[in-house]
Amino acid sequence: MMENFAPEFKTPEQYIIDITYKIWEERGIGRIRDWYTAECPVRTAHGESNSVEAVVQGTLETLHEFPDRHLLPEDIIIGTTAEGFLSSHRVRSTATHSGDGFFGSATNRPLMMLTVADCLCENNQVVEEWLVRDQAGMAIQLGLDPKAVGRGLAEKNPAAYQIGNEAMRERWSDPNGITRIGDEKTASHILKTYDAIWNDKKLNIVDENYDRAIRLEGPSGFLDYGRFRTGGLFDSILASIPDGDFDPHYIIVQEEDEKAPRVSLRWSYCGTHQGRGRYGNPTGAPLSLLGISHFELRKGKIVNEWMLLDETAIYAQIAANTSK
């Protein structure tokens with residue numbers, strides 16, 4: 001039994017899976033008030049809410065737009081804390097876009113969405129959450145242009161995307177500094193790899209620290225294999241934002257018998273849209289990438305990576321900071 005949690009929950013993994021199922025699959029939307037604190041901050045690249053009622057409203061709106069959504073727990077990486085635990089929940093969802101909402105008028109198209117939700121849980125409740133959903137990948141499946149979706153977001157609420165890099169980075173960070181949970185050697189290995197790629201632009205580290213058969217899922221539905229194409233994704237982003245600074249905000253390493261070591265990393269990369277790359281011709285806009293990555297390792301090499309970014313928010317930042 002977990003201390004200070006309801007007796008029905010035997011493990012952190014069960015807690016996350018069960019409350020997700022009861023809220024979404026069983027439509028127990030009101031139970032969010034039981035399992036989230038009244039002022040729980042929920043942070044995304046689009047903004048931050050600080051009310052459980054906002055979580056209830058957002059859930060109702062999502063279910064209206066995707067009423068047949070099924071949330072399939074792909075992995076949950078857990079790190080224990082003094083008061084509870086941190087969870088990083090990777091969810092693969094199937095749904096049909098049969099209601100009007102975030103993506104406009106219903107298209108009745110089926111899609112798959114990939115989400116990572118990081119939660120700090122204490123005393124049987126979620127007290128903080130950081131959420132990344134690949135909404136650009138969803139837009140593509142619905143026949144929409146992610147750039148146009150981003151422009152629409154900027155037109156509706158430009159102030160949300162004009163707050164600047166420091167405020168965006170602060171939203172994703174912990175005032176007490178980076179949280180490190182689990183095996184220190186593995187954590188340092190992942191942090192040094194990302195630091196070399198993002199800060200030093202040393203893409204040769206991909207050949208050194210990634211398995212030759214690396215499988216990488218990235219933003220906008222990206223899925224590819226091998227070191228060359230993995231490096232190509234990083235290069236395309238770095239070309240757009242060559243002056244960016246990478247900051248890690250927490251890292252969890254979980255090792256279990258008969259499983260590959262798994263790592264969750266919440267991070268930000270903030271700079272200026274000053275190069276020709278993934279995000280088109282340079283505009284000079286400040287850009288903040290707020291990401292969560294999951295990794296699986298084999299014999300010290302990264303063999304699977306899920307790099308979650310919401311690129312609709314990036315396109316919204318470009319539009320909001322360059323509109324006349």
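**Exercise 1. How much space lies in the second largest pocket, and what lines it?**

Keep in mind that this is a predicted model.

- Start with the volume: about 260 Å³ of space lies in this pocket.
- Next, look at the wall. There are 15 lining residues, and E128, W130, S173, D174 and P175 sit nearest the centre of the pocket.
- Now map the lining onto strands: β6 (125-133) and β10 (245-254) each supply at least two residues.
- Finally, sort the lining by class. You get five nonpolar, five polar and five charged residues.

**Exercise 2. Find the cavities of 30 Å³ or more, and work out what lines each.**

- With that cut-off, the count is two cavities.
- The largest cavity holds about 50 Å³ of space. Its lining includes A160, Y161, Q162, P286, S288, Q317 and N321. Two or more lining residues come from each of α6 (165-172), β12 (286-298) and α10 (311-322).
- Check the chemistry of that lining: five residues are nonpolar, six are polar and none is charged.
- Move on to the second largest cavity, at about 40 Å³. Among its lining residues are A45, S288, L289, D310 and Q317. Here β12 and α10 are the elements giving two or more residues.
- Sort this lining too: six nonpolar, two polar and one charged.

**Exercise 3. Describe how strands β3 and β4 run and how many bridges join them.**

- Locate β3 at residues 70-80 and β4 at residues 84-96; they run antiparallel, with ten bridges joining them.
- Look at the turn: three residues lie between the strands of this hairpin.
- Pick out one pair to check: I78 has S87 as its bridge partner in β4.

Methods. Residues numbered from 1 in each chain as written. Predicted model: local features only at pLDDT ≥ 70, side-chain atom pairs only at ≥ 80, totals over all residues. Heavy atoms only, no water. Pairing = 2+ DSSP bridges. Helix = DSSP H or I, 4+ residues; strand = E, 2+ residues; numbered from the N terminus. 1 Å grid on protein atoms, 1.4 Å probe; cavity = no way out; pocket = protein on both sides within 12 Å on 5 of 7 lines; lining within 4 Å. Points joined across faces, edges and corners; volume = space filled by probe spheres on them. Nonpolar A, V, L, I, M, F, W, Y, C, P; charged D, E, K, R; others polar.
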